[in-house]
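Hi,

Here is the structure I promised to pass on. Have a look at it first, and then read on for what turned up.

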Amino acid sequence: MKTFRPVWAVFVACAVLACAPRAGADDRVCRGSLGEERIDGSLHVAEACALRGTRVDGNVTVGPRGRLSADGVRVGGNLQADGAAAVVVGAGARVDGNIQIDGSGNIRISGSRVGGDIQLTGNRGSISVRDNQVGGNLQCTSNRERPTGGGNRTGGNKEDQCARL
């Protein structure tokens with residue numbers, strides 16, 4: 001009768017686990033600044049992050065109290081912030097999905113191209129939305145301060161607090 005050899009079982013288990021794909025292996029956390037580089041995944045902003053010419057193939061998320069400054073960036077997915085201290089999306093930025101900012105502080109979106117909607121909801125700081133090309137709707141609701149700006153072109157509607165922008 002053959003005896004079971006635990007060494008082979010360990011070897012097979014290790015080989016299978018080593019070959020298994022890791023979820024989120026290319027996702028990154030930004031602390032500080034990133035220049036002209038490509039992130040083949042998503043980016044999370046936990047603190048302060050400055051993006052200059054960075055390409056993110058996935059989503060950019062800004063966590064509570066995070067600060068994002070993004071100029072000349074390319075985001076293949078959505079840019080989302082919930083409870084962020086500040087979000088600045090500046091000249092030459094392109095977001096293929098939506099920009100969704102909820103319950104955050106100061107916001108400035110200017111000179112950017114957004115493939116989907118810009119949705120600003122329940123924010124408590126100053127909001128400026130100026131000279132953007134938006135493929136979908138520009139929606140602003142329940143913000144403490146009325147958003148300012150103008151010169152925005154949309155493929156959909158300008159709604160609620162953003163109706164005149």
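Which pattern do the disulfides of the chain follow, with bonded cysteines counted along the chain? The pattern is 1-2, 3-4. Before the details, please keep in mind that this is a predicted model.

**The overall picture**

The chain has one helix and 20 strands. Of its 165 residues, 39% are buried. Among contacts with a separation of 6 or more, just 1% are between residues 24 or more positions apart. The chain exposes about 9000 Å², and carbon and sulfur atoms supply 49% of that area.

**The two disulfides**

The count of disulfides comes to two. One of them joins C30 to C49, with an S to S distance of 2.0 Å. C30 sits in strand β1 and C49 in strand β3, so this pair ties together parts that are 19 residues apart in sequence. The torsion about their S-S bond is about 90°, so the disulfide is right-handed. Both C30 and C49 are buried.

The other disulfide joins C140 to C162, and here S to S is 1.7 Å. C140 belongs to strand β17 (residues 138–141), while C162 is in the segment after β20 (158–160), so the link ties together parts that are 22 residues apart in sequence. With -55° about the S-S bond, the link of C140 and C162 is left-handed. C140 is buried at a relative accessible area of 0%, and C162 also counts as buried, at 0%.

**Strands around β3**

Now back to β3, which covers residues 43–52. Strand β1 (residues 28–34) runs parallel to β3, and six bridges join the two; V29 has H44 in β3 as its bridge partner. Three bridges join β3 to β5 (residues 60–62), again in parallel, and L43 stands opposite V60 in β5. Strand β6 (residues 67–71) is also parallel to β3, joined by five bridges, with A48 opposite R67 in β6.

**The nonpolar core**

Which residues touch the most other members of the largest nonpolar core? They are L51, L68 and L120, in a core of 35 residues. The largest share of this core, four residues, comes from β3. Leaving aside neighbours within four places in sequence, L120 is in contact with nine-odd partners worth looking up in the viewer, including I101, I107, V129 and C140. That last one, C140, is the cysteine bonded to C162.

Cheers

Notes: Residues are numbered from 1 along each chain as its sequence is written. This is a predicted model: local features need pLDDT of at least 70, side-chain atom pairs count only at pLDDT 80 or more; totals for chains, interfaces and linings use all residues. Side-chain values use heavy atoms; hydrogens and water are left out. Two strands pair if DSSP finds at least two bridges between them. Buried means under 20% relative accessible area, exposed over 50%, partly exposed in between (1.4 Å probe, protein chains only). Contact means heavy atoms within 4.5 Å. Accessible areas come from the Shrake-Rupley method with a 1.4 Å probe; for residues, only the protein chains shown count as cover. A nonpolar core is a set of buried Ala, Val, Leu, Ile, Met, Phe, Trp, Tyr and Cys residues joined through side-chain atoms within 4.5 Å. A disulfide is a pair of cysteine sulfur atoms within 2.5 Å.
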